[in-house]
Amino acid sequence: MKSVYFFGAGKAEGDGGMKDSLGGKGAGLAEMTRIGLQVPAGFTIRAEACDYYFTHGRKFPKSLKAEAKKNLARLERVTSKKLGDTRNPLLVSVRSGSARSMPGMMETILNLGLNPNSVEALARNTQNERFAWDAYRRFVQMYSTVVMGLPQDELEAMLRAMQAKRGFGDDGLVDAEGWRELVADLKKYFKEKTGKKFPEDPEEQLWGAIAAVVESWMAEKAVTYRRVEHITGLLGTAVNVVEMVFGNRGENSGTGVCFTRDPSTGDKEFYGDFLANAQGEDVVAGIRTPMRLDDMAKHMPRVYKQLVKVRTLLERHYHDMQDIEFTVEEGTLYILQTRAGKRTPAATFKMAVDMAEEGLIGRDEAIERVKAEDIERLFYPVIDPSVNRAELAKRMLTSGINAVPGAATGRAVFTAHEAEQMALEGENVILIRRETSPEDVGGMFAAQGIVTATGGKTSHAAVVARGWGKCCIVGCNQLKIDYATKTASANGQLVHQGDWLTLDGNEGLVFRGQAKLSTPRLPEAFTTLLSWADRVRKLGVRTNADTPQDARKAREMGAEGIGLCRTEHMFFKDFEQPEKSADRQLAIEEMIIADSSEARRKALSKLLPYQRRDFIGLFKAMDGYPVTIRLIDPPLHEFVPHDREKQEELARKIGVPAEVVARRVDQLTESNPMLGHRGCRLCITYPEILEMQVRAIMEAAIEAKKQGIKVFPEIMHPLVEDRKELQILVDATTKVANDVMRELNVKLKYHIGAMIELPRAAILADEIAELAQFFSFGTNDLTQTTMGLSRDDAGRFLPEYVDEGKAGIYAADPFQTLDVRGVGQLIRWAIERGRATRPNLEVGICGEHGGDTASVKFCHEVGMDYVSASPYRVPIARLAAAQAVIEERRARKNTGRKKR
Ligand code: PEP
Ligand code: MG
């Protein structure tokens, strides 16, 4: 297998489509070379070699050395330079790069190829001894830490000691002699610590660096990042060996990162940071605060103009916003990397819609660009508009660059580790650092928000936080952080660890205290994009809502009806008139304690008006759309008190001896209530409950209809498993419905259906469909009963089953993402059989899977009519349903093409 791909002098063996193999960086370099951009030459070792390395006891494929050697020779020819040469030395960078961007998680080595001979040649050729020795000391430093694992702190301390000894302020001012001395010190230290001389042979250096970059794929921080980001299935990292260009050769040089559009807002503004006279990772590391591109335009107008051209070219070529790394060497612009830029959720929507409107991409592509997480993150909070901004301003600690918008509150914490600890204890925390590094990702993830004293919008903190849509403020220059005393101060204010802070990520402001947050209005592009999705999708999207409030929210989110109202959720709380909650509760408890059907009816009659009122509210909120109401489902013991004191109180209230209550509760106790007396089994044994609930539904529907509301009630029986069982329920339901319609002299169309949440119901779906006018898959229970996994307890061992690094038995948690292979088979079967009996059988899903992207796509594939999701996940379902159609069209086109 060919392991190495060359690029340079306008030609490249790879291309942009080879991301899996060449990594994002390698594929980008090849593609940019192909389209004629000024890219330094080099070669990429494929990720397959990394995979081989880890699966073969940390050894590379045998042929790799020879291949790399051949490519190095070609690189030397193309650049007319030679690695380690005494006249015209070639210097290379050795960089990681996998198929998915993992900013700062893996290693890079710069200036490789320097040794006592080549450094002199470099000094001569550049006529800049200071620069050459600075480059050399950077290389020795990086090699020592990255390849040999020597502690960064101690090397930094040596740098500071040399500066102090020679009276230099910061490292830009150190002269050639100073760097020369530091190189000698660093090499001495290297020998002491490793027992070996610092390698001077450039090829030895190269292989050391390649191995270190590959090793960094498995470094703890990289593994953690992949876990947190759910990045799985990659081969490993590719290794890019690229000719060095230098941004630190004086004021006419520099290095920068830019975005073709603003990654925070999505606006079509050229956005970026530039550091003059700086090398490599200085911008990303956020060590100095860089200048904005507008200032760079003044500083280097000609280069800026070229960069603007590159911006247009790359965005047109890739049809997406690009995050571009570039270096200017003595006035010449080099593009080092391009990739799709990370962006905030709001920017994701804005860019997708704008690009579709500009004709850069099609609407289908715009729909596919948005992910479920983008929607979820749109609902992140802002500082509530009711908060008095003048009062808040008095508590301003510091201001910085608004790297990621949103708002957050939490207790100040100064180390990533403590942030994780405190978050585990249930605290909201704000992580404050001078700058962040990849070691901090765990704490950054745990924090509600992140503040750094240095860095720009492309610093590590900003890039990582943006990916998560997490509020982040960087470059708070005035902020003095003292890690030793765990305090931060600015603006005459002092913050201790544990003090409350509030971040306004939109403005880049940090305040002391805890301000109220609220959820923002959705951006316009959100509405536009979802309206496009609605035009494409075939699945209906309903909601799971139990209260009129939830139903109204769901309508705002685009729900087209209720797919599941869990009636028992209204037994305990009166959402419209909370002061009446206790009455409802008492009525249900009385019903359960009752020992005769007559006593039960009496208690139920008290509950009826409440249920009726709730249902009227639902019908009103869903005017013109179907409302599926499920009859009582959970085992009755869930509604009665289990401790003696509460039982006595209940006994007093309903006027029976305490023993009666205790005995009844005892009777209801089951060892396996999930498989016990629950679901429609309750109405089989206590038909009075069904009578009350069906009466409340029908009376409410008729009342709503009288008020001019269009009502479509669907009465749903849970946990059905048998035709005869359903027959009893359908007969009883029909009788009550007819009675009510006769009494009130109103005719109303309604449906009766069954929840399919037991394997037996799915298997006998043809029989069930003889009676049920609709099926609704209760996939929470269907997953539980098919897989034999307890919904309530499986969480204890499921992580082990799901984690790729552990047993990895399931690809995902089956309660979140439908187990298509197993549970999905039953669903397919049930739909087929059900529709064979009743061709117009309406089919939907109301388990949690109705709001999960992959599961919604499956529901589309098996021909369901609708999915039902909780209100905030309704937009996710709308989007996923549209994506399913687009994917299906593409698959059809591809098979059509293959056949032809
Ligand atoms: C289900 O089982 O999928 C369902 C929707 O019902 P519940 O979660 O209330 O059991
Ligand atoms: Mg259920």
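1. Let me start at the metal site. The magnesium ion (ligand 2) takes its protein donors from Glu-757 (OE) and Asp-781 (OD), which lie 2.0 to 2.2 Å from the ion. This pair links distant parts of the chain: Glu-757 sits in the loop between strand E31 (751-756) and helix H29 (759-763), while Asp-781 belongs to helix H31 (residues 779-787), and the two are 24 residues apart. Glu-757 and Asp-781 are both buried. Please keep in mind as you read that this is a predicted model.

2. Asp-781 has a second role to look at. Besides being a donor to the magnesium ion, Asp-781 is linked in a network of salt bridges with Glu-568, Arg-630, Asp-633, Arg-678 and Arg-791. It may help to display these residues together with the ion.

3. Now for the overall picture. The protein chain has 900 residues, of which 57% count as buried, and it contains 35 helices and 34 strands. Its C-alpha trace spans about 105 × 75 × 50 Å along the principal axes. Among contacts between residues at least 6 apart in sequence, 68% join residues at least 24 apart.

4. A word on surface and charge. The accessible surface of the chain comes to about 37900 Å², and carbon and sulfur atoms account for 49% of that. The chain carries 126 positive and 125 negative charges, and the mean positions of the two sets are 4 Å apart.

5. Helix H2 (residues 47-55) deserves a look of its own. Its buried residues include Ala-47, Glu-48, Ala-49, Cys-50 and Tyr-53. What do the buried residues of H2 pack against? Their partners are helix H1 (19-34), strand E3 (42-45), helix H8 (202-215) and strand E8 (238-243). Just after H2 comes Gly-57, with a positive phi of about 60°.

6. One of those H2 residues is also paired by charge. Glu-48 forms a salt bridge with Arg-46, and their closest N and O atoms are 3.1 Å apart. Are Glu-48 and Arg-46 buried or exposed? Both are buried. As background, side chains of opposite charge can pair when their charged atoms come close. Across the model, the count comes to 67 salt bridges.

7. Moving on to helix H3 (residues 64-79), we find Thr-79 there. Thr-79 counts as buried because its relative accessible area is 13%, and the cut-off for buried is under 20%. Leaving aside residues up to four places away in sequence, Thr-79 touches Leu-90 and Glu-243.

8. Two further salt bridges make a useful pair to read side by side. In one of them, the side chains of Glu-76 and Lys-82 meet at 3.9 Å, N to O. Glu-76 is buried, with a relative accessible area of 14%, whereas Lys-82 is partly exposed at 45%.

9. In the other, Glu-659 pairs with Arg-644, with 3.6 Å between the closest N and O atoms. Glu-659 lies in helix H25 (residues 658-668) and Arg-644 in helix H24 (residues 644-654), so this salt bridge ties together parts that are 15 residues apart in sequence. Why does Glu-659 count as partly exposed? Because its relative accessibility is 45%, and partly exposed covers the range between 20% and 50%. Arg-644 is also partly exposed, with a relative accessible area of 43%.

Conventions. Residues are numbered from 1 along each chain as its sequence is written. Chains are lettered from A and ligands numbered from 1 in the order in which they are written. This is a predicted model: local features need pLDDT of at least 70, side-chain atom pairs count only at pLDDT 80 or more; totals for chains, interfaces and linings use all residues. Side-chain values use heavy atoms; hydrogens and water are left out. Helices (H or I, at least four residues) and strands (E, at least two) are DSSP runs, numbered from the N terminus. Buried means under 20% relative accessible area, exposed over 50%, partly exposed in between (1.4 Å probe, protein chains only). Contact means heavy atoms within 4.5 Å. Accessible areas come from the Shrake-Rupley method with a 1.4 Å probe; for residues, only the protein chains shown count as cover. Lys and Arg count as positive and Asp and Glu as negative; His and the chain ends are not counted. The place of a charge is taken as NZ of Lys, CZ of Arg, CG of Asp or CD of Glu. Donors are N, O and S atoms within 2.8 Å of the metal (3.2 Å for Na, K and Ca); water is not among the atoms, so sites may look incomplete. A salt bridge is a side-chain nitrogen of Lys or Arg within 4 Å of a carboxyl oxygen of Asp or Glu.
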